[in-house]
Amino acid sequence: MRLIKYDRGYSRRHFLKQAAGGTFCAGVLMPTWDAIAATGDISKAYPDELLSIEGYTRGKIKTGDEINASNVELVKDLLEPVRYEQILKMGRKLKIVKTTTDVMRLSPWEYIEATLKNSGKGRFDAQGNNVVSDDGQPWIGGNPFPNPKNGIELFAAQTLSWGRHDASFYALKICDVAVDGEPRFFYEGGWAELATVGRVSMNPKPYWPENKDKLRFQSVFFTSPQQFRGTSFLNIWPYDHSKFPLLYGYVADFRRVRQFPTDQRFEPLLPGTTLFLSDAWAAGDPLHTWSNYKIVGRGPFLAGLSDSWNADHPNWEHDTHGGPKGKTFWNSNVELIPEAIMVEAEPTAFPRAPISKKRVWFDARNQVVVGMVTYDRNGAPYRSFDGAYTLYEKGDKKVMDGKHPYWSWAHVTASDIQTGRVTRLQQVQNIEGSYVSGANDPTIYDKYLTQAALQRLGAV
Amino acid sequence: MNWRIRGAVVGTITVLAAGSGNALAGGGAGFQFLGGDVSYNGLLRLETAINTTGKAAYANQYGDEANGVAIPRSAGNPLTNWSTPLDPTGPLPLGFALGAVLPPTAGVSNQSLTTASDVITRYVPKEDPDINYHVLRAELQGTIAWGNISLITRIRALYDPGALGYRDFDYDAYKDINGGITGGLPNQFHHKPSYFGYQVNGDKHPLLFERSGSNYQVDLPAFFLQYQIGSLTARLGNQTVAWGQLLFFRTFDTANGLDVRRHLILNRAVEEYADVRESAPGLRLTYQATDQIVVDVFAQQFIPTILNNVNTPYNIVPSQFTIEDRYFTEGGEHHFNTGIKIKGDYGKFDVEAMYTHRYNPLGAIRWAQSGVNKPLPNSNVLGLAFNNYCQAVLGTPIGSGCGPILAKTPFEVAPAGVFSAEEWFNYAGYIKLDSYDGLNKAVDDFPAAQQLLAQDIGHDPRAANGELNAFFIAGEGLRGHIERTYHQEDVFGISGGYVLDAEPGSILDQLITHVDVTYTPNRTFTAVDLRKEFDKRDEIQVGLVSEKYQRFSSDFPATYLVFQYLWQKNSDLLGLLNDGYGSENLSFNGIKLDKHVPTNTNPKINPGREFGSNYVVFAFVQPFPAYIYEVSAAALIDPYGGVLVQPGIQWKPQGNITVNAFYNYVNGHAWGNNANDNTVHLIDFANEVGLRLGYQF
């Protein structure tokens, strides 16, 4: 018989005690980052009840089980209200997989290495504006705040590196599903992002000297349907965390690249969807265009962090279920996250933004975003986002990123709570054979991230 | 709406409904051909424009404002420089006595004994279309990619079934009058209108990547190999090149001409020239020299702007004239345009410089010999007299009358021409030409015309009236011949832009403003008198565009707002000289063909535009939440009294269906007392409801 040293209420009391005291340190039994730095494993930072679904539910739900309407009450506290309602009323299901304790499987290898190597060197500059390294220069790579003390540190790290690779290209498929369960809009395209500072894999490191004043180049383009083929946008982010990116776009009707106003970041990118530029990685805007960052809660959570690569499909495409036609939700694997940190923020630089605040869940183990709910101007829940990250490794199949398996996101579900529409996004292996997902390919700059590239990708 | 229109609309909706189904195709990809990755998208669309003006195009035969109007005519006396009537005082040349026994010809009544005075009623009826435009469009875009090399293609096919509310003039119906029409391209001037067929003199298929006929057009707007190596992209093949920050106004957009055959420029305004810009074979190199600087270079075959064919619904070239297009005969197919543009982006600032060496795709027009050897009709006394004069005095062969002489003038004896001085003045003013000097140059530049006793009448309205009517009576209407030729020019341009920062959410925040300036030395224009030397002047364009997205509420997405202004020193939006603006009409009989143009016995001709041509555009696009609906409006304002306003709505019920409805409100006499003062008057017959139902995959 195994003695349970920490009972079921211990971790809950711990989270409440820290919240009441206004202090924050990830980890229950010891600081999470200390555990990671020592062993690369988070097991010593959390009690058993937070390291497995069996422990959390006292065996009522086991790894491999499915969360559905019949048992969702057991994990209600591990879900945002929207996913809970979808499971309860719309037939959404989640499959439980084992909690990942090896932190090297929760982010790109080089990113974690740099986080460990550069630990303690990150800070905000004297003006409290930009994240800098100890020599006052732009950040040098990895997470500058692996042991975050407040909400803005979590968001700063997220904004500094979205995909945690120096460069990423995601081949995308997007589907908008109506309330009747019928898909109404399909889109295909690509998303590219390339860091100019804080580089950990691609030379030159840690900076691209000519662009040290910038944070990243990022573009998005669409290849289907015909009306949107060749529509693309390029954002060039300054390193200054309070300045808006420059925005250039190739609008298919105009047949040329033009500059666009950049402060309207709450516009639907595509008809039928409610995806905004602001939603990207839950940190799609410059850090200081939002404010009032505050931690509002902590606790275990259910989210997709592993086993979410569909290696059985040649194009990595995912199957669906739920909703009136079985097409509303991705088939998803989730695991128990021992500790998620809830942070709220308000869009203070956008006077007529349709949302009043966002609440974002960060995984305390690696500080990735695992969920987001935005609220309308009346404070009512508006949209909910959840997704899945994964290591692209399954059995003997793997996708390599340099020396290590590729780590990235796999799919996202964006739910418009007020209209009932659901937008599903997935990263696929390729679009049209030519646009292939991957990381740290230096050629993506010329392929996707210049005005000449927009012209080339543009409608003809 | 008559039964034909109702049928068309019902049919349209039925086809669309059948096509939409429940399937949501998303193009195609995922297979290989010739070792390359293949992808494709497509579009099927019904496009309709319902005429709400109740008028045909003024330039068309059925829209001629002289149709059905009884206009008294009196021939002038050549011995008094045409300034006095021939009838009461003139000597009666040989044959005039036959007047009493020659019956009136078509449209003629109230003949005097000598037939030198009469009343002409243009015999072509006035018929107005119910529908201006209806086509079925299919487009398929395909790409085969071999790594960084790809073949990119887009095929466009349009079919216009005709009928269904059109009113098609048919020249064949008048072929029994004076032998019908001899000159001009048969597809344009001998039969029913050709909706899409593009031909030039000497070449029935002048475009390598297009085949077109009366009812169809199939072309490849894109068909090129693309090669990317590092920062350089090369495109070789048929393609368009679009430059410039201004929308609608073409300042930097100098590489390609336009093809306005389909719906003129009256399609959805927010789509700019996406469907109109004419592609051309050539090479384009785009080089991202640095993060800030992009260099764009092209060399393309010269292809002219393609105008609407005669008697098609949006034609603006008066159909009493026959255009001889010299694109092929002067070797235009072998000419190349070249250009370079360098753009630098420096945060909130950007600068551009461009240079284009090109043939102006608009071309220039002048009088041309008709080449039609056909005598004046002997069915009227004046014609008979002139023919006898030509044979007896000028030595033309017996039986040929004045045919050999007329062949060397810009005129042809043919039906459905110009019949009266009133009609002449009305259409010269409409198309921004000089009624007096246009006549004088047809005489001065063509000695043969002088052999027929035609004289330069200066700016004497009575002489113009007398001379014109004399020949129109003699010819029983005359068709004019003009030729369109193309000329080299160099266009230099600079542009600068700035993004304004202001209080977040304020109307000035993120306002982007650009100013484009171009200079074209020695541009060849159509002279207002159609002289053979054309009119060469330096042209300057200054354009300004300010645009932004503004959120007016938290419930609706941002509104896109754009304001534009264009000033052109010497010419208007269509490339016509400003000098030709503002003419009044002539009539000694109180006949007012255009009620919006002052008409008197001593009209002002070509007062021109003192301050150049000025145009203002304002447009907005307001999407609704989730972009299912989108309302928009665009307005083109000519400060001299013309407005074109296009409100519209787009509805996207699902990904593969798009419905567009818009209304073109065109008013060429919104203010001021002379519609010839403004450019919009040229198309103010085109009030219409546009409807497009598209299925895309």
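This section describes the confidence, interfaces, cores and selected local features of a predicted model with chains A and B.

The predicted model scores ipTM 0.89 and pTM 0.91. For chain B, the mean pLDDT is 92, and 94% of the residues of this chain reach 70 or more. A stretch of low confidence is found at residues 1-25 of chain B, where pLDDT stays under 50. The model nevertheless has 31 contacts beyond four places in sequence for these residues. Where pLDDT is low, the predicted coordinates should not be read in detail.

The two chains touch through an interface in which 63 residues of chain B are in contact with 49 residues of chain A. On the chain B side, the largest share comes from strand S2 (residues 36-51), which supplies 5 residues. Sorted by class, this side of chain B has 28 polar, 23 nonpolar and 12 charged residues.

Within chain B, the domain assignment gives two domains, each built from separate segments of the sequence. Domain 1 consists of 3-61 + 129-363 + 486-570 + 612-696, and domain 2 of 70-121 + 368-484. The C-alpha centres of these two domains of chain B lie 41 Å apart. Contact between them involves 26 residues of domain 1 and 33 residues of domain 2. The side of domain 1 that touches domain 2 has 10 nonpolar, 10 polar and 6 charged residues.

In soluble globular proteins, nonpolar side chains tend to be buried together. The largest nonpolar core of the model has 261 residues. The residues with the most contacts inside this core are Leu302(A), Phe362(A), Val370(A) and Leu449(A), together with Leu382(B) and Phe386(B). At least three residues of the core come from each of domain 1 and domain 2 of chain B. Leu382(B) illustrates how distant parts of the sequence meet: leaving aside neighbours within four places in sequence, Leu382(B) is in contact with Ala75(B), Thr115(B), Ala116(B), Ala470(B), Ile473(B) and Ala474(B). Another core, of 9 residues, lies apart from the largest one and includes Ala49(B), Ile131(B), Val135(B) and Tyr195(B).

Two helices of chain B were examined for burial. Helix H4 (residues 381-392) of chain B has 12 residues and reaches 16 Å from its first C-alpha to its last, close to the 16 Å expected at 1.5 Å a residue. H4(B) is mostly covered, with 9 of its 12 residues buried. Among these buried residues are Leu382(B) and Phe386(B), both of which are also listed among the residues with the most contacts inside the largest core. The buried residues of H4(B) further include Asn387(B), Tyr389(B) and Cys390(B). Helix H5 (403-406) and helix H9 (461-475) of chain B are included in what covers them.

Helix H7 (residues 435-444) of chain B is largely enclosed by the rest of the structure, because 9 of its 10 residues are buried. The buried residues of H7(B) include Asp437(B) and Lys441(B) as well as Leu439(B) and Val443(B). Several elements of chain B pack against the buried residues of H7(B), namely strand S16 (364-367), helix H6 (421-430), helix H8 (447-451), H9 and strand S23 (585-586).

Chain A shows backbone features of note. Most residues other than glycine have a negative phi, and most peptide bonds are trans. The peptide bond from Asn203(A) to Pro204(A), however, is cis, with omega near -5°. The bond from Lys205(A) to Pro206(A) is likewise cis, with omega near -5°. Pro204(A) is placed in the loop between strand S6 (183-195) and strand S7 (214-224) of chain A, and Pro206(A) is also found in the loop between S6 and S7.

Positive phi values occur at Arg255(A), near 60°, and at Glu432(A), about 60°. Arg255(A) lies in the loop between strand S9 (246-251) and strand S10 (256-260) of chain A. Because 23 C-beta neighbours lie inside 10 Å, Arg255(A) counts as buried. Glu432(A) is in the loop between strand S24 (430-431) and strand S25 (435-436) of chain A, and with 23 C-beta neighbours inside 10 Å Glu432(A) counts as buried.

A further loop residue, Thr99(A), lies between strand S2 (94-96) and helix H5 (109-117) of chain A. Thr99(A) has 24 C-beta neighbours inside 10 Å and therefore counts as buried. Beyond four places in sequence, Thr99(A) is in contact with Leu51(A), Ser52(A), Glu335(A) and Leu336(A). Thr99(A) and Ala303(A), 204 residues apart in sequence, are 10.0 Å apart in space, C-alpha to C-alpha.

Note on methods: Residues are numbered from 1 along each chain as its sequence is written. Chains are lettered from A and ligands numbered from 1 in the order in which they are written. This is a predicted model: local features need pLDDT of at least 70, side-chain atom pairs count only at pLDDT 80 or more; totals for chains, interfaces and linings use all residues. Two residues are in contact if their C-beta atoms, placed from the backbone, lie within 7 Å. Helices (H or I, at least four residues) and strands (E, at least two) are DSSP runs, numbered from the N terminus. Ala, Val, Leu, Ile, Met, Phe, Trp, Tyr, Cys and Pro count as nonpolar, Asp, Glu, Lys and Arg as charged, and the others, Gly among them, as polar. Domain bounds come from an automatic or database domain assignment. A nonpolar core is a set of buried Ala, Val, Leu, Ile, Met, Phe, Trp, Tyr and Cys residues joined through C-beta atoms within 7 Å. A residue is buried if 20 or more other C-beta atoms lie within 10 Å of its own, exposed if 12 or fewer, and partly exposed in between; C-beta atoms are placed from the backbone. pLDDT is the predictor's confidence in each residue, from 0 to 100. The expected span of a helix is 1.5 Å times one less than its number of residues.
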